[in-house]
Amino acid sequence: MALIIYGTQYGTSKQYAEQLATITGDSVIDSRHLPKELPEAHVIFVGSVYAGRMTGLKKVLQVLAPERNELTVVTVGMTDARSEELVAGIHQPIAAKVAEKKISLRGCYHLQGKVNYDGLALKHKLVIKPMVAAFKKKPANELDEQAKMLLRAFDQTNANEPTIDFAALAERMT
C-alpha cells in the first residue's frame, strides 16, 4: 500500500490523485495537511507544475525519511506527456531535489493538465492571457513546442477531461 499525496492550485492534481486512489485502493491526502512523518513506505506525490515549481513538493520532502520512505512523482502541467524532452526538463530538477534529501525515487511520470481560464487567479490570468495572445499572432511554424502545447491546452478550456489511462499509470507505479 502507498499513500497518495497531492499538491494543487486549481484542482486537477487533486482529481488525478483521487482517481489513482480509486484504482489502487490507497489513501489520499492534501499536501497542506501532512502529518510530521509518514508511516507508509511508498509515497506517490501528484503535483501541479507552474513555472518550473511543483506545488507541495517542498512540504512532502520535509516529511519523508530516507530510511523509511520511497517516492514516486507524478507531475501535472501543460506540457504534453508525449514530449519526452520537455517532460525530462520538468523531471530533472525534481529528481535532483529528491536526491538532495537522499530519498529513493521510484519514478517520475507526467499527466497533461488543463486550463480553466475563468477559474484562474488574477495573477495567473495576467501572465497567461498576454502570452496566449502573443502566441496566437505568430505563425504556427514560428512557435516552439511549449507555446504550441499551451495554445492547445488553452483552446481546450472547459472541454472534456484529458484522456488518461489511469489503470496503466497505476500499474507502472506499483
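# Group meeting: salt bridges, cores and a pocket

Let me start with one residue. Glu70 has a relative accessibility of 25%, which puts it in the partly exposed class. What I am showing is a predicted model, so please take everything that follows in that light.

What does Glu70 pair with through a salt bridge? Its partner is Arg106, and the closest N and O atoms of the two are 3.1 Å apart. This pair joins distant parts of the chain, with Glu70 in strand β5, Arg106 in strand β6 (residues 104-112), and their positions 36 residues apart. Arg106 is partly exposed as well, at 41% relative accessibility.

How many salt bridges turn up in a search of the whole structure? The count is 2. Besides the Glu70 pair, the side chains of Arg32 and Asp30 meet in a salt bridge, with 2.6 Å from N to O. Are these two residues buried or exposed? Arg32 is exposed, because its relative accessible area is 57% and the cut-off is over 50%. Asp30 is buried, at 7%. That bridge therefore has an exposed residue at one end and a buried residue at the other.

Now the overall layout. The protein chain has 6 helices and 6 strands. Going along the sequence, the order is β-α-β-β-β-α-β-α-β-α-α-α. The chain has 174 residues, 45% of them buried. Of the contacts with a separation of 6 or more, 75% are between residues 24 or more positions apart. The exposed surface comes to about 9900 Å², and carbon and sulfur atoms supply 51% of that area.

On to the interior. In soluble globular proteins, nonpolar side chains tend to be buried together. Here the largest nonpolar core has 19 residues, and the members that touch the most others are Ile5, Leu38, Leu64 and Leu71. Which elements give two or more residues to this core? They are β1 (2-7), β3 (42-50), α2 (57-63), β5 (70-77) and α3 (84-100). The largest share, 4 residues, is from α2. There is another core apart from this one, with 16 residues, including Ala2, Tyr6, Leu20 and Val74.

Back to Ile5, to see what surrounds it. Leaving aside residues up to four places away in sequence, Ile5 touches Ile29, Asp30, Ser31, Leu34, Leu38, Val43, Ile44, Phe45, Val46 and Val60. Two names there have come up already: Asp30, from the salt bridge with Arg32, and Leu38, from the list of well-connected core members.

Leu34 is also on the Ile5 list, and it sits in the loop between β2 (27-30) and β3. Is Leu34 buried or exposed? It is buried, because its relative accessible area of 19% falls under the 20% cut-off. With the same sequence neighbours left out, its contacts are Ile5, Ile29, Lys59, Val60 and Val63. Leu34 and Val60 are 26 residues apart along the chain, and their C-alpha atoms are separated by 7.7 Å.

Next, a histidine. His91 is in helix α3. It is buried, with a relative accessible area of 10%. What does His91 touch, beyond residues up to four places away in sequence? The answer is Thr75, Cys108, Tyr109 and His110.

Then the pocket. The largest pocket holds about 730 Å³ of space. It is lined by 30 residues, and those closest to its centre are Val49, Tyr50, Met78, Ile128 and Leu150. Which element gives the most to the lining? That is α4, with 5 residues. The elements that each supply at least two lining residues are α1 (12-24), β3, β5, α4 (122-137) and α5 (145-155). Strands β3 and β5 appear here, and they were also in the list for the largest core.

One backbone item before I stop. Lys102 has a positive phi, near 60°, and is a residue other than glycine. Its place is in the loop between α3 and β6. Lys102 is exposed, because its relative accessibility of 64% is over 50%.

To return to the opening pair: Glu70 and Arg106 are both partly exposed, at 25% and 41%. That is what I have for today.

Note on methods: Residues numbered from 1 in each chain as written. Predicted model: local features only at pLDDT ≥ 70, side-chain atom pairs only at ≥ 80, totals over all residues. Heavy atoms only, no water. Core = buried A, V, L, I, M, F, W, Y, C linked by side-chain atoms within 4.5 Å. Buried < 20%, exposed > 50% of the residue type's maximum accessible area, 1.4 Å probe, protein only. Contact = heavy atoms within 4.5 Å. Areas by Shrake-Rupley, 256 points an atom, 1.4 Å probe, with all protein chains shown as cover. Salt bridge = Lys/Arg side-chain N within 4 Å of Asp/Glu carboxyl O. 1 Å grid on protein atoms, 1.4 Å probe; cavity = no way out; pocket = protein on both sides within 12 Å on 5 of 7 lines; lining within 4 Å. Points joined across faces, edges and corners; volume = space filled by probe spheres on them.
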